[in-house]
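Work through the exercises below with the sequence and the model side by side. Each task is followed by a solution in steps.

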Amino acid sequence: EAPGTEQELTDGFHLVIDALKLNGINTIYNVPGIPITDLGRMAQAAGIRVISFRHEQNAGYAAGIAGYLTKKPGVCLTVSAPGFLNGLTALAHATTNCYPMILISGSSEREIVDLQQGDYEEMDQLAIAKPLCKAAYRVLHAQDIGIGFARAIRAAVSGRPGGVYLDLPAKLFGQVMNAEAGQKSLVKVIDAAPAQIPSPASVKRALDVLKSAKRPLIILGKGAAYAQADEEIKSFVEKSGVPFLPMSMAKGLLPDTHPQCAGAARSTVLKESDVVMLIGARLNWLLSHGKGKSWGEAPKKFIQVDIEPKEMDSNVEIVAPVVGDIGSVVSAFNQAMGSSWTAPPAEWTKAVSTKREENVAKMAPKLMNNKSPMDYHGALGVLKTIIKEYPEAILVNEGANTLDLARGVIDMYRPRKRLDVGTWGVMGIGMGQAIAAALETGHPVLAVEGDSAFGFSGMEVETICRYNLPICVVIFNNDGIYRGTDVNGANSDPATTVFVKGARYDKMMEAFGGVGVNATSPDELKRAVNDAMKSGKPTLINAVIDPAAGSESGRIGNLNPQSVLQKK
Ligand code: OXT
Ligand code: MG
């Protein structure tokens, strides 16, 4: 090299940051430490939002739900072995729920790890991640960073979205290369999630089956919400005149108060329908696998719309599979239906709406009680009104009774506003999802949490205060898991499902400068939540619930195995 022509250099740190920015990824959910502390610092300096959590699992759940809300991969960045493992639950959760997410973990020296010589945080992370995600890659050379990120992004969002693992060994960050060559090595991913157009024959078959129905039903899953084809879906459902049942996170795709909504007549429509069209919903345990008691005796035909061909016939025969992305499929339906679609028999739609009105009327008086301590319905009646007044607010929800009753009681009005435990029924998503929802959407968040559920991510209230996020956490404090009334007959240890009686979770929020409120009646709860929604200040309300009000496992107590020897 001639003197005075010193070449410009770049390194692994900068190439990682440039690769993210080039692909429009502007937020990282992170817990710092060796070997990625400086990466976080430099990313922040380069204009990326680096949100620093207290535990990687919560950062991971934040990244996953960010992916769901934005259709861009949510990125979680962790340290090696233990940090990686802490993030892994969230990665597996993202894959199961079809959220696009990339878990990036720093890792230790390959040479030492592979010879198992006991390196700092030694672990073969790539091998461990592989079975739990859609794809897993390791980048060993700085010049491969561009390709590594391109593969990770494409794998996360294309086809059925999911979790991707990207392993970045510590050594990679310091590797130096020519800056221009480095820039050229980066890849801006083109058309990361290409439309998947359904075959015309499959579209016709599906509509023919739907047309032949006497008692049709449409089930909308969170895949339909993810698609962001809200207008197409709404006009399809309305044009068809078919009653629709939203799965938990599909609530609000069309308002729960829509005249065709069958949410409050769930048992009736599952049992009595003769043709069921699934749109972005899977026939897993949440739909009793499409068979058995909940589906009734009458023969049933299933139409399924899904981007993943392997989903078809997974549990029962699908007579009309339609493989494609939901936006493309539903717009093909709309086109093929033309203007001459005949609504389903009035006998059926009338029966469904009558059942719905009956159930809604039955519930209404329960929501108006002003008992103290509160029961679930009294407290939820208040929150139902608040979501009606703030339909843009995002509802995060976890627990058992707290989850199942809130799902039924709180009507949703807009798409992707209800974020909950998803396919696994996992506790711990609360604060991570609330934080990401606030950051990614700018809307206020109401997190309705069982006291047990909250415990899985409770330390992140500090994160909420640190970033001053418009999040109102309401803890349904019934002194325990399902109920606070269990007793241990054998010794002086507390029963396994009960917590400290009369705990004051609101003090946790105060410890970090947020607003804490103890609410013992629906009136007090209403005032406190309204104040929080108005002020946008980080708030935690300890809502005192009657410890005897809940039931075992909420609505899914039937899934508990029973001992024949010992009756509960
Ligand atoms: O038609 P019918 O008559 O059937 O009536 C239905 C609707 O028509 C009607 N409905 C309405 N009526 C009137 N008005 C309106 N608006 C209306 N809307 C609906 O109501 C009924 C019910 O409707 P729904 O809900 O749609 O139907 P159903 O039959 O319930 O649906 C079935 C399911 C399966 C689809 C549904 O139940 C569902 O989605 N369930 C999800 C359940 C779930 O995921 N639960 C979480 C896991 S439970 C357990 O595992 C817990 N753990 C263990 C644990 C976990 N999970 N994770 C980890 C990491 N570690 C451990 C723990 C620790 S829960 C838990 C903590 C619990 O304690 P907390 O303190 O947090 O919570 P509390 O219980 O409050 O104390
Ligand atoms: Mg509880």
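**Exercise 1: the ligand shell**

A backbone N or O atom of G480 lies 3.0 Å from an oxygen atom of ligand 1. The model is predicted, so that local features need pLDDT of at least 70 and side-chain atom pairs pLDDT 80 or more, while totals for chains, interfaces and linings use all residues. Residues are numbered from 1 along each chain as its sequence is written, chains are lettered from A and ligands numbered from 1 in the order in which they are written, and side-chain values use heavy atoms, without hydrogens and water.

Task: describe the surroundings of ligand 1, starting from its backbone contacts and ending with the classes of residue in the shell.

Step 1. A polar contact here is a pair of N or O atoms within 3.5 Å; within protein, one atom must be able to donate a hydrogen and the other to accept it, and residues adjacent in sequence count only if both atoms are side-chain atoms. Besides G480, a polar backbone atom of N401 is 2.8 Å from an oxygen atom of ligand 1. For G263, a backbone N or O atom lies 3.4 Å from a ligand oxygen.

Step 2. On its own, ligand 1 has 1,400 Å² of accessible area (Shrake-Rupley method, 1.4 Å probe; for residues, only the protein chains shown count as cover). The protein covers 79% of that area.

Step 3. The shell (residues with a heavy atom within 4 Å) holds 34 residues, the closest being S267, Y376, T402, R407 and D451.

Step 4. Helices (DSSP runs of H or I, at least four residues) and strands (E, at least two) are numbered from the N terminus. At least two shell residues come from each of α13 (266–272), α15 (346–363), α17 (401–409) and α19 (451–455). The largest share, 6 residues, belongs to α17.

Step 5. By class, the shell has 17 nonpolar residues (Ala, Val, Leu, Ile, Met, Phe, Trp, Tyr, Cys and Pro), 5 charged (Asp, Glu, Lys and Arg) and 12 polar (the others, Gly among them).

**Exercise 2: strand β5**

Task: which strands pair with β5, and in what sense?

Step 1. Pairing requires at least two DSSP bridges between two strands. Strand β4 (residues 74–78) runs parallel to β5 (residues 101–107) and is joined to it by 5 bridges; V75 has I102 as its bridge partner.

Step 2. β7 (residues 163–169) also pairs with β5 in the parallel sense, over 7 bridges. In this pair, S107 stands opposite P169.

Step 3. β4, helix α4 (residues 81–97) and β5 form a right-handed β-α-β unit (with the strands pointing away from the viewer, the path from the first strand over the helix to the second runs clockwise).

Task: is each face of β5 buried or exposed?

Step 1. Buried means under 20% relative accessible area, exposed over 50%, and partly exposed in between (1.4 Å probe, protein chains only).

Step 2. In a regular strand the side chains alternate between the two faces of the sheet. M101, L103, S105 and S107 on one side of β5 are buried, as are I102, I104 and G106 on the other.

**Exercise 3: backbone details**

Task: where does P35 lie, and what kind of peptide bond joins I34 and P35?

Step 1. P35 is in the loop between β2 (27–30) and α2 (37–45). The bond is cis, with omega about 5 degrees.

Task: what is the accessibility of N468?

Step 1. N468 has a positive phi near 50 degrees without being a glycine, and lies in the loop between α20 (461–466) and β17 (471–477).

Step 2. N468 is exposed, at a relative accessible area of 52%.
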